[in-house]
Amino acid sequence: MQFNSRRMTTKWLALLLCVLLLGNLGISWAATDVSTSHWANAQVERVTAKNIMPLNADGSFKPDSVVTNLEVIVAIYRAAKESGHLKNVEIGTLTTKHEVSLKALGIPQMLAPYGSDVYPALAYALENGILTLDEVKVFVSGITMTNVKKVNAVVFIAKALNVY
């Protein structure tokens, strides 16, 4: 049973890595800016259908856009949650544990398009050694979210894979 859970988590996180690292991605349903005949359409459809990486408010996916550090961490968190590895009670406990530190860094609790997943995702990452507080300090520069380099995204995802 535990082996199947690990395989499922590994598959979700590997899929997430592909979505984040490959530029021209297809999209399902309501995406207005990506062809449904694109080679990655099925994978992106699953990730967007599960709200791991949501569509933009205008129904676009913007496959060539740059992602932020926070977007990568929220996607990792949502993939772990979707795979059944996180329970709401556990998430609440982790969030409470790290809330003061995150507020002190000036990280907002709610932030579009991440909604209320900002603190839970960061708390999950801090608790599991995916991030340190020093790394979180650079997620916001003034009022701007900082972009992530591919190499940093790979490190975050690799650390998340080690959790399971």
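A residue counts as buried when its relative accessible area is under 20%, and as exposed when that area is over 50%, with partly exposed in between. Keep this cut-off at hand for the exercises below, and remember that the model is predicted.

**Exercise 1. Decide whether V148 is buried or exposed, and find what it touches.**

Step 1: Start with the place of V148, which is the loop between β2 (144–145) and α7 (150–163).

Step 2: Apply the cut-off. V148 has a relative accessibility of 12%, so it counts as buried.

Step 3: List the contacts. Setting aside residues up to four places away in sequence, V148 touches V67, T68, N69, V72, A153 and F156.

Step 4: Take one of these partners, T68. Along the sequence V148 and T68 are 80 residues apart, yet their C-alpha atoms are 5.1 Å apart in space.

**Exercise 2. Find which residues of the largest nonpolar core touch the most other members, and which helix gives the most to this core.**

Step 1: The core has 35 residues, and those touching the most other members are I73, I76, L122, L131 and F156.

Step 2: Now look at the helices. At least two residues of this core come from each of α3, α4, α5 and α7, and α3 gives the most, with 9 residues.

Step 3: Zoom in on F156. Apart from its neighbours within four places in sequence, F156 is in contact with N69, V72, I73, I76, I130, L131, F139 and V148. That brings us back to V148, the residue from the opening exercise, which has F156 among its own contacts.

**Exercise 3. Work out where the salt bridges D117–R78, K103–E99 and K137–D134 lie, and how exposed their residues are.**

Step 1: A general idea helps here. Side chains of opposite charge can pair when their charged atoms come close. The whole structure holds 5 salt bridges, and we take up some of them.

Step 2: In the pair D117 and R78, the closest N and O atoms are 2.6 Å apart. This salt bridge links distant parts of the chain, since D117 is in the loop between α4 and α5 (118–127) while R78 is in helix α3 (residues 69–82), 39 residues apart. Both D117 and R78 are buried.

Step 3: Turn to K103 and E99, whose closest N and O atoms are 3.4 Å apart. These two residues both lie in helix α4, 4 residues apart, or about one turn of the helix. K103 has a relative accessible area of 47%, so it is partly exposed; E99, at 23%, is partly exposed as well.

Step 4: Finish with K137 and D134, which meet in a salt bridge at 3.1 Å, N to O. K137 counts as partly exposed because its relative accessibility is 46%, whereas D134 is exposed, at 54%.

**Exercise 4. Classify H98 as buried or exposed and name its contacts.**

Step 1: H98 sits in helix α4 (residues 88–104).

Step 2: Its relative accessible area is 13%, so H98 is buried.

Step 3: Leaving out neighbours within four places in sequence, H98 is in contact with A123, L126 and E127.

**Exercise 5. Explain why the buried residues of α2 line one face of the helix.**

Step 1: Collect the buried residues of α2 (residues 41–49): N41, V44, V47 and T48.

Step 2: Look down the axis of α2. These buried residues fall within an arc of 130°, so they line one face of the helix.

Step 3: The general rule behind such patterns is that an α-helix has 3.6 residues a turn, so residues three or four places apart point the same way.

Step 4: Last, look just past the helix: α2 is followed by N51, which has a positive phi, near 60°.

Note on methods. Residues numbered from 1 in each chain as written. Predicted model: local features only at pLDDT ≥ 70, side-chain atom pairs only at ≥ 80, totals over all residues. Heavy atoms only, no water. Buried < 20%, exposed > 50% of the residue type's maximum accessible area, 1.4 Å probe, protein only. Contact = heavy atoms within 4.5 Å. Salt bridge = Lys/Arg side-chain N within 4 Å of Asp/Glu carboxyl O. Arc of directions from axis to C-beta. Core = buried A, V, L, I, M, F, W, Y, C linked by side-chain atoms within 4.5 Å.
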